[in-house]
Amino acid sequence: MSELHKFIFEGLPVRGALVVLDDAWQEVLRRRAANTQTGAYPPPVAELLGEMAAAAVLMQSGIKFDGALVMQIFGDGPVKLAVAEVQSDLRLRATASVTGAVAPAATLAQLVNARGQGRCAITLDPRLRLPGQQPYQGVVPLAGPGGVALRGMAEVIEQYMRQSEQLDTTLVLAANDTRAAGLLLQRLPVQGQHNLAQSQVAHEEGEQDDAFERLSLLARSLKREELLQLDANTILRRLFWQEPLQRFEPRQGASGPRFACSCSRERVGAMLKGLGRDEAESILREQGQVEVSCDFCGQQERFDAVDVGRLFTPAAQQPPQPGSVQ
């Protein structure tokens, strides 16, 4: 089961979170693989998208915001666009548009930043917008100082947090065909931090720097294989067994990270009605059925001649369904 674990270090202005996406991530991949038009993601693309999904959950979990956090990677490689979206209640979905050949061991730069034009955008889109309110968006390049290409999503997000949010962040990410996972640590401003843990915060700047650097070194010792294979309790115990770790109730199941997409057969039907009967019947004549895929999750809906006819027939004129009472 997918789950999110949040924690703080008592007496230190450092917070952390660990996310493990199992069933939620597997559903993203299942829907894509079942799509007859696209097929499964190439492994390097799936790894990139899984890391994005884990990172987006971690970022959404650290803010007080009612709306969607949307992480996008776009550029000039075979992956034109990759998107991970996480709602404030941790419902998530993710997708990538692949338009070219992907090498078996393609790097982030080769996937999205072939000629240095790649960007990462993170958008906060409020669920209920006030009049004139626009989503907040921050954008950073997929390259560090001097134009050196960043090696992976963890470095991209760390750079984003430094430049856009002024928060020192350490991030470890990993994904394969069964799990997407991530560990995040953040240094917090000293002012007001006693409210987080009801404990005394170290006031010496040097002590704070030393503590964050020590904890970051521990976090970075986490190997990819461990993140993909071990359970959350084992990971946190292995990394921070000597630290004053205070953990909060994990979020899982209906309150935890879970796959959800807004697509539905009803919405597809409404879209077809918007096209008009002539256009829908034209597609039927050409293809034998109307097939529509969700751009986000890859779910396919198919409408045959009977389905299309029912869409454009008023309910009062439709024949009764089998078993209905006249």
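Buried means under 20% relative accessible area, exposed over 50%, and partly exposed in between, with a 1.4 Å probe and protein chains only. Helices (H or I, at least four residues) and strands (E, at least two) are DSSP runs, numbered from the N terminus.

The model is predicted: local features need pLDDT of at least 70, side-chain atom pairs count only at pLDDT 80 or more, and totals for chains, interfaces and linings use all residues. Residues are numbered from 1 along each chain as its sequence is written, and side-chain values use heavy atoms, with hydrogens and water left out.

**Exercise 1. Strand β1**

Task: Find how many residues of β1 are buried, and which strands pair with β1.

Solution.
- Step 1. β1 spans residues 3-9. Of its 7 residues, 6 are buried.
- Step 2. Apply the pairing rule: two strands pair if DSSP finds at least two bridges between them.
- Step 3. Take β2 (residues 14-21). It pairs with β1 in the antiparallel sense over 6 bridges. Glu3 stands opposite Val20 there.
- Step 4. Look at the hairpin of β1 and β2. It has 4 residues between the strands, and Gly11 takes a positive phi near 85°.
- Step 5. Turn to β10 (residues 245-247). It runs antiparallel to β1, joined by 3 bridges. Arg247 of β10 stands opposite Phe7.
- Step 6. Add β11 (residues 251-252). It is antiparallel to β1 over 2 bridges. Gln252 in β11 is the bridge partner of Glu3.

**Exercise 2. The Phe cluster**

Task: Describe the ring pairs that link Phe7, Phe9 and Phe240.

Solution.
- Step 1. Set the rule. Rings of Phe, Tyr and Trp (its six-membered ring) pair if their centres lie within 6.5 Å; planes under 30 degrees apart count as stacked, over 60 as edge-to-face and the rest as tilted.
- Step 2. Count. The rule gives 3 aromatic pairs.
- Step 3. Take Phe7 and Phe240. Their ring centres are 6.0 Å apart and their planes stand at 45°, so this pair is tilted. Phe7 lies in β1 and Phe240 in helix α8 (residues 232-240), 233 residues apart.
- Step 4. Check burial. Phe7 and Phe240 are both buried.
- Step 5. Take Phe9 and Phe240. This pair is edge-to-face, with 5.2 Å centre to centre and 80° between the planes. It also links distant parts of the chain: Phe9 in β1 and Phe240 in α8, 231 residues apart.
- Step 6. Give the burial values. Phe9 is buried at a relative accessible area of 1%. Phe240 is buried at 2%.

**Exercise 3. Two pockets**

Task: Give the volume and lining of the largest pocket and of the second largest pocket.

Solution.
- Step 1. Define a pocket. On a 1 Å grid over the protein atoms alone, it is an open set of points where a 1.4 Å probe fits, with protein on both sides within 12 Å along at least five of seven lines; lining residues have an atom within 4 Å of a point.
- Step 2. Start with the largest pocket. Its volume, the space filled by probe spheres set on the points, is about 580 Å³.
- Step 3. List its lining. There are 24 residues, with Lys6, Arg15, Ser61, Gly62 and Ile63 nearest the centre. Elements giving two or more residues include β1, β2 and α2 (43-61).
- Step 4. Take the second largest pocket. It holds about 390 Å³. Its lining has 15 residues, and Ala154, Leu171, Val172, Leu173 and Arg220 lie nearest the centre.
- Step 5. Name the main contributor. α4 gives the most to this second lining, with 4 residues.
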